[in-house]
Amino acid sequence: MPRVRQTIQDLTAPAMHGRGYVQQGEQRAASYLRQRFQKLGLQPLAPKYTQAFSLDVNTFPGQLQFQASAGSSHKSARRFVPGVDFIAEPNSGGGHVASRAIIFDSLVFTDAAARRRWLAHRLAGQAVVIPARQLARLEAPNFPDDSLRNSLNGAAARITLVARKLTASLSAEQSPQIRLQLLSDRWQNALPWLTIGVEANLRHQYPTQNIVGYIPGRIQPDSFLVVTAHYDHLGQMGNEAYFPGANDNASGTAMLLELAAHYTRPENRPAYSVVFLAFGAEEAGLIGSRYFVEHPLIPLNRIRFLINLDLLGTGDEGATVVNGREFPAQFQLLQHLNESQHALKSVAARGKAANSDHFPFSERGVPAFFLYTRGGIAAYHDVQDRPETLPLTAFANVFTLIRSFLDALQTQPETK
Ligand SMILES: [Zn+2]
């Protein structure tokens with residue numbers, strides 16, 4: 001377990017910049033994994049363990065400033081902290097705005113006079129503040145009133161008030177409008193003058209990579225078991241905030257490395273070849289795994305089973321297996337192993353879901369599970385997903401469970 005903690009510490013360190021597209025964070029994480037693969041003695045599945053690809057991604061590499069005050073010349077301002085009080089929306093544009101906040105009037109939905117009043121506002125150069133629920137209503141595909149939607153898009157900045165937590169994501173596009181999300185309890189009507197500065201940079205064809213290695217099988221080297229985990233995360237947001245991504249997915253990457261360490265020991269050399277795929281650009285929309293299935297480095301129809309590891313840092317409520325319902329025989333095997341080992345409180349089966357890197361493989365007919373642990377922490381896609389608070393409750397037991405599952409798959413008669 002100290003080595004697992006160290007791996008997670010290394011991947012979440014400030015030097016990795018959140019393993020995203022600012023300060024080459026994802027490249028630093030990739031170099032780290034190359035070194036670990038090499039030390040373990042994994043065979044490269046591509047030169048330097050690297051399968052290169054590229055993506056378009058919107059980034060926030062510099063200034064990210066947002067403050068509120070009583071007036072334009074007022075000295076005492078409330079400065080909002082990026083990551084903690086507010087975040088940029090994935091497709092936010094950049095620029096500077098200094099404006100009195102224009103509060104979206106929810107009466108526009110029901111009251112014709114209020115609607116007329118709202119549409120009479122000149123929003124160019126201004127900042128609009130709108131609660132998330134009302135924005136969702138305006139942006140619903142079946143919402144009939146285009147002029148309301150268009151007027152909102154005409155503002156220079158849109159501040160959405162969100163109730164519970166800030167949840168960041170990535171986009172391949174950039175809006176002309178500055179778009180921020182502010183926790184609603186931070187908003188104070190007494191400080192209506194907003195000063196905003198955002199540097200946004202839409203990167204085209206940003207070069208990134210999957211890191212790929214394997215252990216040749218002892219008996220049937222052309223049959224493959226595949227272990228996957230994405231190593232990328234959301235990166236940095238402005239100069240101050242970065243997303244450590246301890247649970248998502250330093251935890252799964254650490255598990256992948258532990259399984260690789262196990263199978264590279266001579267006494268554990270597997271009968272089938274075991275492939276380890278550390279994907280990039282999962283957070284940008286499963287881009288690394290989609291690239292792999294389009295450009296497979298092993299024949300996809302020789303994959304006996306694939307297990308994808310994402311969000312493995314908790315476990316006091318057990319684990320869930322996406323595709324558990326699609327592959328009942330393998331799920332039964334996993335459950336049987338879990339019961340005999342008393343590994344997890346429960347292992348629940350789900351149907352298909354496009355929520356991680358197993359999905360592009362599933363769609364190509366590769367039998368695959370995605371296993372994630374449940375319970376413990378609420379941190380997700382936010383600056384709170386830190387190594388210090390990651391419990392790793394079930395990590396050791398999940399390791400044993402997956403290892404014995406992979407072992408058992410190699411002794412079963414082939415079903416294909
Ligand atoms: Zn994620």
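**Two domains and the interface between them**

The chain is divided into domain 1, made up of residues 2-59 and 204-411, and domain 2, covering residues 64-198. The model discussed here is a predicted one. Taken over C-alpha atoms, the centres of domain 1 and domain 2 are separated by 37 Å. The UniProt record, in an unreviewed entry, places the feature "domain: Peptidase M28" at residues 210-405. This span, 210-405, is 30% helix and 25% strand, and its end C-alpha atoms lie 25 Å apart.

A good place to begin a tour of the model is the boundary between the domains. Here 18 residues of domain 1 are in contact with 20 residues of domain 2. Between domain 1 and domain 2, an area of about 1400 Å² is buried, and carbon and sulfur atoms give 58% of this area. On the side of domain 1, the residues that lose the most area to domain 2 are Asn58, Met237 and Glu240, which together account for 42% of what that side buries.

Polar and charged groups also take part in the boundary. The rule finds 2 salt bridges across the interface of domain 1 and domain 2. In a salt bridge at 2.7 Å, N to O, the side chain of arginine 79 meets that of glutamate 240. Glu240 thus appears twice in this description, once in this salt bridge and once among the residues of domain 1 that lose the most area to domain 2. Residue pairs in polar contact across the interface of domain 1 and domain 2 number 8, with both residues at pLDDT 80 or more. As for secondary structure, strand E2 (residues 50-59) supplies 3 residues, the largest share of the side of domain 1 that touches domain 2. By residue class, that side of domain 1 divides into 10 nonpolar, 4 polar and 4 charged residues.

Two details of the backbone invite a closer look. Most residues other than glycine have a negative phi, and most peptide bonds are trans. Against this background, the peptide bond from aspartate 248 to asparagine 249 is cis, with omega near 0 degrees. Asparagine 249 is found in helix H6, which runs over residues 246-264. The other detail concerns arginine 19, a residue other than glycine whose phi is positive, near 55 degrees. Arginine 19 sits in the loop between helix H1 (2-12) and helix H2 (25-40).

Terms used. Residues are numbered from 1 along each chain as its sequence is written. This is a predicted model: local features need pLDDT of at least 70, side-chain atom pairs count only at pLDDT 80 or more; totals for chains, interfaces and linings use all residues. Side-chain values use heavy atoms; hydrogens and water are left out. Domain bounds come from an automatic or database domain assignment. Contact means heavy atoms within 4.5 Å. Buried area is the accessible area (1.4 Å probe) that two parts lose on being put together, summed over both. A salt bridge is a side-chain nitrogen of Lys or Arg within 4 Å of a carboxyl oxygen of Asp or Glu. A polar contact is a pair of N or O atoms within 3.5 Å; within protein, one must be able to donate a hydrogen and the other to accept it, and residues adjacent in sequence count only if both atoms are side-chain atoms. Helices (H or I, at least four residues) and strands (E, at least two) are DSSP runs, numbered from the N terminus. Ala, Val, Leu, Ile, Met, Phe, Trp, Tyr, Cys and Pro count as nonpolar, Asp, Glu, Lys and Arg as charged, and the others, Gly among them, as polar. UniProt positions are given in the numbering used here, feature names are shortened, and annotations may be inferred rather than shown by experiment.
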